[in-house]
Amino acid sequence: MEKTSSPYQWGMAIDLDRCTGCGACVVACQAENNVAICDKKEIAQGRDMHWLRIERYWTGEYPDVRVRFLPVLCQHCHDAPCEPVCPVYASYHNQDGLNGQVYNRCVGTRYCANNCPYAVRVFNFYPHDWPKPLDNQLSPDITVRSRGVMEKCTFCIQRIRRAKEEAKGEGRPVRDGEVQPACAQTCPAEALVFGNLADPQSRVARLSRSPRRFKLLEHLGTHPSVFYLKGGGREHV
Amino acid sequence: MKRRSFLQLSGMTAAGALLAGCQAGNEKLIPYLIPPDEGVTPGLATFYASSCRSCPAGCGILVRVSEGRAKKIEGNPEHPVNRGKLCARGQAALQELYHPDRVPQPLKRSGPRGSGKFSRISWAEGLGLLTGQLRNLQKEKGADRLALLTPQLRGILATLASGFMRSFGSPHHLSYELLMPDWLRSATRASFGSPSLPWYDLAQSRYLLAFGAEFVESHLSPVHYGNAFGRMRQERDTVRGHFTYVGARLSLTGASADRWLPARPGSEGALALGMARLILSESLADRGALAANGLGAAQLLARLDRYDLPRVAELSGLPEGSIAEVAREFATTRPSLAMAGETVAFQSNGPESVRAIELLNLLVGSLNRPGGVYPDQGSPAGPETSFAELCSLVDAMRGDRISLALIQGNPVHTVPPATGFQAALARVPYVVSFSSLLDDTALQADLILPDHAALESWGEAIPLAGCRETVIGLMQPVVTPVFDTRQFPDVLLAAAGELGGEVAAALPYGSYLELLKKETLRRVAPAAGVDSGTGWASLLQKGGHFGRTGSGAKVFRWLPEAPLPDPAEPRFAGDEKKFPLHLQVYPSTAFHDGRGAALPWLQQLPDPMTTVVWDSWLEINPGTAAGLGIGFGDLVEVSSAQGSLRLPAVIYPGIRPDLVAIPLGQGQRGGGRYAKGRGANPLDLLVARLDEAEAAPCWNATRVRVVRISEKGGMVTTGHPQGSYRSDLIEI
Amino acid sequence: MSNAHPTPQVTRPPTAKSATAVNDELLSSLNAPTRSWYALVALLSAAVAWGLIAFGWQVTHGMYVTGINRPVMWGFYITGFVFWVGLSHSGTMVSSILRLSRANWRRPILRSAEAMTVFCIAVAGLFPLIHLGRNWIFFYMIPYPNQRGLWPNFRSPLLWDMTAITAYIIGSSLFLYLGMLPDLALVRDRSHGWRRDVYALLAMGWRGSAHEWAVYHKASTLMAALIIPVAVSVHSIVAWDFAVTVVPGWHSTIFPPYFVIGAILSGVAAVITLMIVIRRAFRLEEYLTALHFDNMGKILLVISLLWSYAYFVEVQTTWYAHEPIEWEVFSFMADRYSWQLAVMLIGNSLLPIFTMCFKRLRRCIPVLLAVTMLVNVGMFIERFLIIVPSLSHKNMPFAWGSYSPSWVEISVNVAALAGFSLLFTLFAKFFPIVAVTDVRELEARKAQVPLGRAELPSLAVED
């Protein structure tokens, strides 16, 4: 991982042995980030707007079938394929190791989404509205994206900002566990752990050294900030 | 309650709820005591502690409120049930508050029933109509012609509702929900003499053997057990808890298992007893535990003689080797835990099978031990025979002995039509619904007096089997009501006041809040040593009263007179030749019994196992589907002796070839724009009782036939049907 | 005619015509338009208008009116883009390369090929703008000085694209214009009224002096030499749009040369198609002879062989390495798009190679027409099969998808074809579509000068 001037390198560990696939993170993410509601037609057309999805893979045949769940969100790669291809810098890398997305700047070439091997970038094909009074639920901390714009998981950057400001006000670094994205916060099984990878004592950093760890599509050399921990012993013991 | 006192209370709650730094509370407290037009700090959110009402688990929540609007629901970290975690349904409760199709004010029916034609009326008129009806009953000396249908209420609300009915003079108060654990209470009573629900110490367990207990999606307290499951797996340094799942369908819970035993439907009890016999015969049982429960290994073994391995293997359709292996692992990897769930309970032999599974816990000494099972202190008692009560109420309605039905909840959708409920309700001359959406029940009503959404309500949420301790979760309004609605208990109190006489005397409260506050403080104050002045505010700040387990806690002990569990041969409704497949209906991960179906976030949430969105579906084994010529997404017709319906098929590798499964929740006629007319309701297929004598429901004992209709199922999955089998490409 | 090519006193071969006759014939396309011309223009304009309506629909409604989705974020628009960029190689190929290699038979088709280049690249350049989610802020991609100091990202291949295409538009327009100067002067001299003023302006005072001719020849040769690297780079860069990504099936080093070859193949085929159309429309049978078609057919044969080789290299490396996801993409493509694949292989490889081997078939106009049109159908499919299957089956199998174009995308693509044809039709009406001076230069070279009793070639140049 590259060293930067920032004391924070945000990262996440996803323990597949804990993940039950329940979907709480998916709704929490949608609730936190003003992610649009997509009707059946939109999803049928492959225009689902979820920033976080749980992939479900089947292996084997009855009765020896196994199910694997894989929560996939933006991996916040350090060598992110999405970033260099954007002609207008809408997709950029911030000092804390996050892949940012500037909605105002995005012209909608969708090149970033093509080049994202994890397919976690979602595009606003439709103009979305929230029928009244459903619009009351929209969070004032995040932009409501217009059509024609690419969007994606930000690790709940609004929460990170808030925590950093508060910590700065109190003249201390952000404590481990003080800031959590909505998905990690709600995960019943605590499969998602978020924190500062630059702090070797943080929970996520300790998990990132686990022998079970792996990165998704590691061979592509994208250097994600998201680690997965292998689901142990799903097979016969 | 006055607006001023509400604001003051809310403000004080804000102080405690500011999780990140309590010391900063004061400066954030001020704005809310000053009227909002001066004091709202834009961008600064306030957190209110409350409780979730989306399922009976009663998790604690914190609601982020910004500028008077609820923005996000989070788990309350202090709450012992969910420890700051929350499920998808809890997250989505926000949309119940801001649902665009909420009933904005009382409605009076203006067209035929079910037409959905209503005219708007004022609360005065609505309450007048309600009390007019009640007075008529009193006048005609027909007080017992009143029926009140509610979900299973607990705590003060239950007392209030039953108090109202008792003082009015009607015995017809039915607390019924399709998925409530009556079966577990009655089984526990039969074995241990008390109807306490079990609390499983899953996090400390080393081996979990779940028999159709879907604790990740619906069983008892999903967030609690989901959390405990995670800790069982990876919280301990050297121990990773092992999980074996028994069930004919690989559920979402089963998907996390290390081993799946697809036992034949209805054979789970025999399988448990077979394992018990093997454990006893190999002397793997905990002799101390047997002795403590007054049981002897030798007698027990003799009485379980019928459940020898070959027979059990034949009954369950499982290989002998796997059964023996699992039984040995279960007995030797202690503490181990056996869990029985709805899938087992809703068979014809369900109650006895559940007891057989409970016996396994006894055998390995897991009763009242860390990593084992304890009685839940929080909900020591509850309905055990609500299905029988439902049946008798249906009889009363059918016999025209009910003239006025007050209905909270949505039984028209969640009660299987085979019980005759819907037809009987049509005979009731006047139906009042308290639904906040025009759901299936409200569509059949003559008068709708809309309830508050959970986030606008005062209340109490006593968790169902989610912890050992006594917990009283409190609900408080986090925003001012969005529409002109009133809380159901307040309507009852108002009606009681209007009626006067005995009823008013029995319920002498100005508001539900008054009652709630008084009763809560009465129960909590002596224990917690809080004084009644500031105590209420501090309880609200915390989100309720979270007790500790006392030393005098109850324990499970086998009743000396309890017979050994003896599950009979399972019986099924429908001729095997005509209806060759078993049908399992199961609570959907997103909608539970259907209460989540109105919320778009949940409709959009891909079902974890099938990734279907905005729909319902039939799960069928690939081999069976191929035999019937059914492809992925094809439209099929499922018929039982009771009825038939059409829905798309999902080729589901994790299901026995002789079983098909349909999730509950969809197929609503009402329920707002997001739920209306979507999918199918599998309850339409179910046979209610195999014979009239049956007291317990057997929802999983129906046989069906499946026929392919066309390729146009119109089903949408987020997962690519072929790609879902290609995890080899990403090497996970 | 006074200021045209300085003509020595010559006697023409029996077949040769007078300069005026040649001029008359070659410039006949500039005569007053016929009713059928108006009908053609109306038809093409209607198609363009329909495309504009479709585009307007997209702008006002959103990208959902297209068929693109996650994961297939690029579809028919980018297919169209690559296709038209490919076609634009026609002019460069035919005029520059043949000019530099002094292939004299190039002369009658030179102008139309160059015009085709300009119009194709102009049409191609529109597609990246059309496909934007927010077309109205396309200028964010242009490096213009602004107060906030925001610049586009020069690391993005899309910006390279924009630069290369702009350069190519400018270069090829200059190339076209430069070659047209003497002809514009010729037209100026033959026209009257306001038209004369317009052509006079465009001819930039060309008088046809020896000095002018010398500069003209030097400049033409220079431009021809300069435009070739630009053309190669344009299509290499378009290939890099794909090759520099991590998308399986795109990430391949063969892409730049493969794309250039593909571009030349479609360009050559398009020139032949156009030659046939022009020959028929403007009755140029005497100038576009079997020899021309024969030679172009030979080029087509060579390029088609090259293309087949490149395609073989691409596929066989995938097949040999058998990298799972790459192979998955290929098998998906072969399975889902099997008939498109067949049309592509027949159209781009089997058919041209087979037919162009035979002189009789090379000289048979209907055969040529069918083959060259099929080549371009094949090339459109080739672009589609490069873009869509890879995106459909990217790295995460759970998120696989598929794509089919919507009416909007089809309309815009049809309008692009119509727009190109319209531009060309208008151009042919207002400008000399056959390079008159070039042709006459050739005539002059063929001419014999009497010297005593002998007749000698007028110019000592080898053909």
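**Close-up views of chains A, B and C**

**View 1. The surface of chain C in this predicted model.** Chain C exposes about 19,800 Å², and carbon and sulfur atoms supply 69% of that area. Its charged side chains number 34 positive and 25 negative, and the mean positions of the two sets are 5 Å apart. Of the 463 residues in chain C, 56% are buried.

**View 2. The fold of chain C.** Here we step back to the backbone: chain C is built with 16 helices and two strands. Its radius of gyration is 24 Å, close to the 23 Å that the globule rule gives for 463 residues, so chain C is as compact as a globular protein of that length. Along the principal axes, the C-alpha atoms fill a box of roughly 85 × 55 × 45 Å. Among contacts in chain C with a separation of 6 or more, 79% join residues 24 or more positions apart.

**View 3. Where chain C meets chain B.** This contact brings together 10 residues of chain C and nine residues of chain B. The two chains bury about 770 Å² between them, with 73% of it on carbon and sulfur atoms. Which three residues of chain C supply the most buried area against chain B? They are Pro397(C), Phe398(C) and Trp400(C), which together give 65% of the area that chain C buries there.

**View 4. The fold of chain B.** Now for the partner chain, whose secondary structure comes to 26 helices and 27 strands. The radius of gyration of chain B is 26 Å, close to the 27 Å from the globule rule for 732 residues, so this chain is as compact as a globular protein of that length. Its C-alpha atoms fill a box of roughly 75 × 60 × 55 Å along the principal axes. Buried residues account for 65% of the 732 in chain B. If we take contacts between residues at least 6 apart in sequence, 74% of those in chain B join residues at least 24 apart.

**View 5. The surface and charges of chain B.** Chain B exposes about 24,100 Å², of which carbon and sulfur atoms supply 51%. It carries 72 positive and 69 negative side chains, and the centres of these two sets lie 3 Å apart.

**View 6. The contact between chain A and chain B.** Chain A contributes 70 residues to this contact and chain B contributes 81 residues. The area buried between them is about 6,100 Å², and carbon and sulfur atoms give 56% of it. Lys40(A), Trp58(A) and Tyr62(A) supply 13% of the area that chain A buries against chain B, more than any other three residues.

**View 7. Asn621(B) and its neighbours.** Asn621(B) sits in the loop between β22 (618–620) and α26 (622–628) of chain B. Is this residue buried or exposed? Its relative accessibility is 5%, so Asn621(B) counts as buried, the cut-off being under 20%. Beyond residues up to four places away in sequence, Asn621(B) touches Tyr62(A) as well as several residues of chain B, including Tyr652(B), Pro653(B) and Arg656(B). The C-alpha atoms of Asn621(B) and Ile651(B) are separated by 6.0 Å, although the two residues are 30 residues apart along the chain.

**View 8. Ser202(A) in its loop.** Ser202(A) lies in the loop of chain A between β8 (192–196) and α7 (203–208). With 1% relative accessibility, Ser202(A) counts as buried. Leaving aside residues up to four places away in sequence, Ser202(A) touches Asp176(A) and Asn196(A).

Conventions. Residues are numbered from 1 along each chain as its sequence is written. Chains are lettered from A and ligands numbered from 1 in the order in which they are written. This is a predicted model: local features need pLDDT of at least 70, side-chain atom pairs count only at pLDDT 80 or more; totals for chains, interfaces and linings use all residues. Side-chain values use heavy atoms; hydrogens and water are left out. Helices (H or I, at least four residues) and strands (E, at least two) are DSSP runs, numbered from the N terminus. The radius of gyration is taken over C-alpha atoms; the globule rule is 2.2 Å times the number of residues to the power 0.38. Buried means under 20% relative accessible area, exposed over 50%, partly exposed in between (1.4 Å probe, protein chains only). Contact means heavy atoms within 4.5 Å. Accessible areas come from the Shrake-Rupley method with a 1.4 Å probe; for residues, only the protein chains shown count as cover. Lys and Arg count as positive and Asp and Glu as negative; His and the chain ends are not counted. The place of a charge is taken as NZ of Lys, CZ of Arg, CG of Asp or CD of Glu. Buried area is the accessible area (1.4 Å probe) that two parts lose on being put together, summed over both.
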